[in-house]
Amino acid sequence: MEALQQKARTLLQSGAVKVVIGYTAGSDAERARALFVRNGEQTQQLIWDDRCRQNLAAYLIKPEVRALGKPALVARTATLRTLLQYAVENQLADEAVLALAVADGQVVELPNFAAIEEYLAKQPRGLTPEQQQELAKMEALPLEERWAFWSAELQRCVKCYACRAACPLCYCDRCIVEVNQPQWIPVASDPLGNLEWNVVRAMHLAGRCVDCGSCADACPEKIRLDLLNRVAAQEVLTHFGAEPGYSTRKDYALAAYKPDDKEEFIR
Amino acid sequence: MTTVATPGVSGGRNLYVPYRMRIAKVTDEAPGVRTFRLEFIDEEEGRRFSFKAGQFGEYSVYGEGESTFCIASSPTRKGYIECTFRQAGRVTSALADRDEGDIIGFRGPYGNTFPIEQWEGQKLLFIAGGIALPPMRCVIWNCLDLRDKYGDVTIIYGARTVADLVYKHELAEWGTRSDVKLFTTVDPGGQTPEWKGRVGFVPTILEQVAPAAKDTIAIVCGPPIMIKLTMPVLAKLGFTPEQIYTTLENRMKCGVGKCGRCNVGKVYVCKDGPVFTLAQLNQLPPEY
Amino acid sequence: MAEFEPKVIAFVCNWCTYAGADLTGTSRIKYAPNVRMVRLPCTGRIDFMLLLQAFGHGADGVIVSGCHPGDCHYTAGNFHARRRWMVFRRLLDFMGVDLRRVIFSWVSAAEGAKWAELVNTVVADVRKLGPYEAFPKRLAGQLKTVEVA
Amino acid sequence: MSETRILQKASLDGLFAKLTAAGRRIVAPVRQSATALEQCHAERVEFEEVTTAQKIAADYIQTIRPPKGALFPRYEQMLRFKIGGKEVQAEEIKPEAKPTVLFGLHPCDAASFATLKAVFTWDSGDAYFEPKLAHTTVIGLSCTKGDAYCFCTSVGGGPGDTRGSDILLTPLDATKYLAEILTDKGKAVVALAPELFTPANGQAAPALAKIAPRFAADKLSAKLPALFPKGEIWLEQSLRCIGCGACAYVCPTCSCFDIQDERQRYSGVRLRCWDSCGFGLFTLHASGHNPRPKQSERWRQRVMHKFSYQPERLGVLGCVGCGRCSRSCPTDMNLAQHVQSLAEMPA
């Protein structure tokens, strides 16, 4: 924590960055919130611990934050993957952001995409055993029970679009739910609209999602949206060998193909 | 600014249920711009219906939604209302697909009105740009139908190109009337070889025409940029903010002060507007 | 009560399956009349949203069919589509959507007989499954009272 | 003057049976059972229809969704259309206004109905809201505990506030409630089971939750117009806001709505549904012009609407201090903190 505060102070004093986007203590002991540090004094409020879950890369696409000038971004693994995915999708120029990874009390400066790639190459990949068990548990349920579970979950969706707003990769100027000629997805949070919205969200992120979990964290109803993204990501990894956010190679799995992609369901 | 009570809710009528209107006449005004003449299918509803210049309504295509426009015809012309719209979104595109004889919905009238009774004895200066002539057409005809109550009537109307001028037949009529001074203009580059009117932006033409401010009411409707540049010219000509009227056109859903999106500060455009004097606008936060 | 007649919507590509279905007709092969065809340029254009829309509008089963791999009129539309279907199916299955009602196939312009057989099989299978009542429908009605608060 | 009685907790089932027999449905806070993926749900309490007291969450702090849906559902069909060539028919859909008892609402939620009523009836009536309000009886429940997000006492309320309740229950001990019968609707409930409401003779004052006031809403309302032009304040407060609609959708008093049509080939409906001033599209004109293009302006609108415009125009605050927006905010935008800092700013 001190190392992070010190680093932020140095960066701001030297003028290397104009703002350090990090975390500070939130409303209660379990919460952290984003902090936009622009002077040395504010650096003392920076924290780094398990509460720091929000994917701060989402702020890089907010005009008001962009207007602050070059940022340093306190980043966890998923945040770094977001930056590389932004690179793949031409949303971020190289060296436009200084990423700060914190590990073992040390702050690692990652000034460009190459450095992030190199850093991520050394990080553990894939799902945790708990995450794997969650998916397995769901997939082991009978079809009717899976349907009953998700119907009940999605019934609670109020279409506040917090999942979309929290997701750094949901940056379309005009989202599919706002396209109304024709109206693809009902505006109201009725059962069909909720189902369609949540399927379309997961599909539009398939092959792009970096598994930061911000969608599920953001959901006021605590719907496990991350599971939908994760199962799609598993399919992409298993069958297409793609894991987004680990390189700047433009290889979006759903905009590519192999003539011998293997499936067993097409008649 | 006086808030007016919403008619049409008494007698147990659900205000969200539109009147059924038949499109009696379709007029193509300009590229993408059409005028509908609407007649009440229920004649009793039509007889009970009344409105004043400046008011608006919610027009609906059943199954596509509602859209907000002013009533573009004059209250002095009984038996129908007219609306003029530009095809832009889902509802206006669906409206543009309707033909004569089709049924659409209308609910209203909503909002406040131009205080034309207060203006009696004054000279009137109408300044409009582009698709903003419709709200003004209502009040222009209203005053022309009561012509002897007002002094000189001057109309300055501009559009980007000659094709974009709306109400071409009426412009021709106003142009030939001896009791109306009409100046039409198009933006530089928008003229055709046959164009007989002026060329230049509305504020420039206003400066050239230079109407006297004394005993004159100015009514200004147009895109934000035109309004912004016209106001200083009017001030230079000696118009006070109390002499200048305009309308705000915020996005609305309900039209009756509930849905929460048309407010400018504490003012609901749907209830306290759409007609404001410049003096009133100057009191509002610049969120329109 | 009349026997349940399944409604099956088929989204097919213009160049192979639609032509194949044409051949079925000109060959005078009879097949179940329960299928309504929607012709699109290419399976690559068949957005997964269309499938959900079909169910939302009351379909009991959906067929998506196009050119065999390698035969796409636009070179690779069907290869792209295949990848999307794989992810889409996995996601739907995870959420408990009945995949026996979502059938994908390759039917070429020469396979009139295959088309008839496919439709007959799918219609028979969906007939056994019954109407897809679990899937939410468009304009379905008001919130139930327990959801109101 | 209200009348006070004692209601035994054990009598609730008896009361509910009488209410049900009188054709009223009962909606109450219910702790949600764990589902197939247990770790997904931290404690969740939601309003649900109940028939007995057994499932009711006795000491919940706050539900996620507010009770406003009972009067103003998240979507509601208004008209039904038959579309066939030139003959188009629109038919009004009458709202379902089932006699309902909302049981166990905290005083903040009960108070929120006054704000909703003000919005939906301030000038003209609302054919969908008013019948439901007329058929709703509120049996409130005083708060014996709160959390760091509660700030009812700053906005004119309190843990034992009676506003909005027809009967307010205050736990006296583990077995009984003090029942304040406040309105005619409350008396009608008592009249269904008068034997259950016994006389209250010199009961000790109950211990309510301690919620320290953090600002004075009336002073804040008076000051806000002067803070409006100071754009940097609003920008600074809203930098971490991501512009989702969660705060508005969980707010018991937020009532902005959208009207939308849905159609199939030959039929359609018009419905209204919740909307949020935090969305950029909320005020976007067809021309592309947007009166509030920036998130900071939308945040300002939210605060001004609740604490300045509504008090001035409708005579009610647009906030009851329930804290839901702050609990649910993905970026921890804490309304009470922000508003408190506005209140403490030099004017």
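This dialogue goes through a helix pair, two chain interfaces and a sheet in a predicted model.

User: At what angle do the axes of helix 8 and helix 10 of chain A cross?

Analyst: An angle counts as oblique when it falls outside the ranges for roughly parallel, roughly antiparallel and roughly perpendicular, the last being 65 to 115 degrees. Here the axes of helix 8 (residues 191-205) and helix 10 (residues 225-240) of chain A cross at roughly 45 degrees and come within 9 Å. The two helices of chain A are therefore oblique to each other. Helix 8 of chain A passes helix 10 of chain A in a right-handed crossing.

User: Which residues make the contact of these two helices of chain A?

Analyst: Helix 8 of chain A contributes Asn198(A), Ala202(A) and Leu205(A). From helix 10 of chain A come Leu225(A), Leu228(A), Asn229(A) and Ala232(A). By class, five residues of this contact are nonpolar, two are polar and none is charged.

User: Turning to interfaces, how many residues of chain A are in contact with chain D?

Analyst: An interface can be read by counts, then by elements, then by residue class. In this model 35 residues of chain A are in contact with 39 residues of chain D. The elements of chain A that give two or more residues to this side include strand 2 (32-37), helix 5 (129-140), helix 6 (143-155) and helix 9 (214-218). The side of chain A that touches chain D has 18 nonpolar, four polar and 13 charged residues.

User: Which element gives the most to the side of chain D that touches chain B?

Analyst: Strand 11 of chain D does, with six residues. In total, 40 residues of chain D are in contact with 36 residues of chain B. Other elements of chain D that give two or more residues to this side are strand 4 (75-84), strand 5 (87-92), helix 2 (107-121) and helix 8 (295-314). The classes on this side of chain D are 20 nonpolar, nine polar and eleven charged.

User: In what order do the strands of the open sheet in chain C lie?

Analyst: The order is 2-1-3-4, with four strands and parallel pairing. Strand 2 (35-40) and strand 4 (102-106) of chain C each have a single partner strand, so one side of each has no neighbour in the sheet. From one strand to the next, the twist averages 20 degrees.

User: How many bridges join strand 3 to strand 4 of chain C?

Analyst: Five bridges join strand 3 (residues 61-66) of chain C to strand 4 of chain C, and the two run parallel. Ile63(C) stands opposite Ile103(C), which lies in strand 4 of chain C.

Terms used: Residues are numbered from 1 along each chain as its sequence is written. Chains are lettered from A and ligands numbered from 1 in the order in which they are written. This is a predicted model: local features need pLDDT of at least 70, side-chain atom pairs count only at pLDDT 80 or more; totals for chains, interfaces and linings use all residues. Axes are lines fitted to C-alpha atoms, for helices over the stretch in contact, and angles run from 0 to 180 degrees between N-to-C directions. Angles under 35 degrees count as roughly parallel, over 145 as roughly antiparallel, 65 to 115 as roughly perpendicular and the rest as oblique. A crossing is left-handed if the near helix is turned anticlockwise from the far one by less than a right angle, and right-handed if clockwise. Two residues are in contact if their C-beta atoms, placed from the backbone, lie within 7 Å. Ala, Val, Leu, Ile, Met, Phe, Trp, Tyr, Cys and Pro count as nonpolar, Asp, Glu, Lys and Arg as charged, and the others, Gly among them, as polar. Two strands pair if DSSP finds at least two bridges between them.
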